[in-house]
Amino acid sequence: MREKLKWIPNQHDVGQDNDGQITALLSNFTLEQVKKVSQFQRTYEKFEKTPLHHLASLASYLDVEKIWIKDESFRFGLNAFKVLGGVYAIAQYVANLLNKDIEDLSFEQLKSSKIKDQLGELTFISTTDGNHGRGVAWAARELGFQARIYMPAGSAKERLQNIINEGAHAEITAMNYDDTVRYTSHLAKEHGWVLIQDTMWDGYEEIPLWIMQGYTTLIQEVVEEIEQAPTHVFLQAGVGSFAAAVVAFLRQYYEHEITIVLVEPHVANCYYESFKAGTNEFITVGGDMQTIMAGLACGEPNPQAWQLLNAYTKVSISCGEEVAATGMRILGNPLNTDTRIVAGESGAAPFGCFYEIMTNNRYRQLKDTLQLNSASRVLLINTEGDTDKENYRQIVWHGKYQ
Ligand SMILES: Cc1ncc(COP(=O)(O)O)c(C=O)c1O
């Protein structure tokens, strides 16, 4: 039988940021930078911050002090956090074309016909498992541009339809995620389209960095709302851009160490394998990477995210499909007066791992390594809701997890 959880502690000293490269990377996520991002995002007329729930009964049941869940399923009505990155990157790209500082621009201004006349037609292209592409398509439509979105083989039809509904050209390819990224990068060059990709490689760094910066709004909202810092943060990773942005911000917001736990599916566990190798180089994994955690089905880390996460992650976990499924069911069926949270597969995976650690004696050593106890304040981020509704029901009602 496959292990529910495989885990590996970081073999380096965690939190040693006297390395010049890490300092340089952190400088992209200073409090000032993060404010600039959210200031722009808040100019969207329907902007609302997403809810942060404290699940008090569950915390008492699992014998920890607090369990906070930031529910990104409410972000911009798009059921996932990803739009934060896409919209900020497109806005920043347009600001650069206009030779303006984003601080001097609002969402409304970017939509104006004056700006369209100045810039002409622009087409944004991207690869996605669903959420990022929907965010890019939404941002392009809202701002009056075109979008072309490509999805890996096996992508859910509902997620494809959601993107088409945003007015984008969208299609499912016969390739896995990482190969589809290479394909869209090639198409972008061939047609003069602008690639808005949420991962980085040599020579393609600026736009993915804007995407990462875009994500920081959600963690800024969390820290503004809580009175005490979390002791533990569980973060899901696909290419790691999201987790690295959160970690880079937290590192600078709080002066003390927070225990960071990274979560990936077994079939796409490039961070886990990289931590296991124990060097400063990351490892990639391949294959078709079929998992219910579609948002995490990436086998090649974002190199800058890897550097940040290698510096600050305490433990890397690779989990089975049933762990995410259990997380979805528990969050959807709360105890007592706790709030019901509709968490999708990638959204629930970190909670599923946390629950397993707290309740399964097989992971006692992991619980001790993480020092999870009655004084722990645990923060989790539900990065998506039921973005594939049919699958959500199959999992939650019928116990499907493959
Ligand atoms: C719902 C959800 N959660 C988490 C992630 C992981 O983000 P990243 O690829 O930046 O690690 C994704 C990525 O698409 C996602 O869709």
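Q: How do the residues of the shell around the ligand divide into nonpolar, polar and charged?
A: In this predicted model, the shell holds 5 nonpolar, 8 polar and 3 charged residues. Ala, Val, Leu, Ile, Met, Phe, Trp, Tyr, Cys and Pro count as nonpolar, Asp, Glu, Lys and Arg as charged, and the others, Gly among them, as polar.

Q: What makes a residue one of those that surround the ligand?
A: One of its heavy atoms must lie within 4 Å of the ligand. There are 16 such residues, and the closest are Asn131, Gly238, Gly240, Phe242 and Thr383.

Q: Why is the pair formed by Asp129 and the ligand called a polar contact?
A: A polar contact is a pair of N or O atoms within 3.5 Å. A polar side-chain atom of Asp129 lies 3.0 Å from an oxygen atom of the ligand, so the pair qualifies. Polar backbone atoms serve at Gly240, 2.8 Å from a ligand oxygen, and at Phe242, 2.9 Å from a ligand oxygen.

Q: How much of the ligand does the protein bury?
A: Taken alone the ligand exposes 390 Å², and the protein buries 99% of that (Shrake-Rupley method, 1.4 Å probe).

Q: Why is the space taken by the ligand called a cavity?
A: On a 1 Å grid over the protein atoms alone, a cavity is a set of points where a 1.4 Å probe fits but cannot get out. A molecule sits in one if more than half of its atoms lie within 2 Å of its grid points. The ligand takes the space of the largest cavity, with a volume of about 230 Å³.

Notes: residues are numbered from 1 along each chain as its sequence is written. Local features need pLDDT of at least 70, side-chain atom pairs count only at pLDDT 80 or more, totals for chains, interfaces and linings use all residues, and side-chain values use heavy atoms, with hydrogens and water left out.

Note on methods. A polar contact is a pair of N or O atoms within 3.5 Å; within protein, one must be able to donate a hydrogen and the other to accept it, and residues adjacent in sequence count only if both atoms are side-chain atoms. On a 1 Å grid over the protein atoms alone, a cavity is a set of points where a 1.4 Å probe fits but cannot get out, and a pocket is an open set with protein on both sides within 12 Å along at least five of seven lines; lining residues have an atom within 4 Å of a point. Grid points are joined across faces, edges and corners, and a volume is the space filled by probe spheres set on the points.
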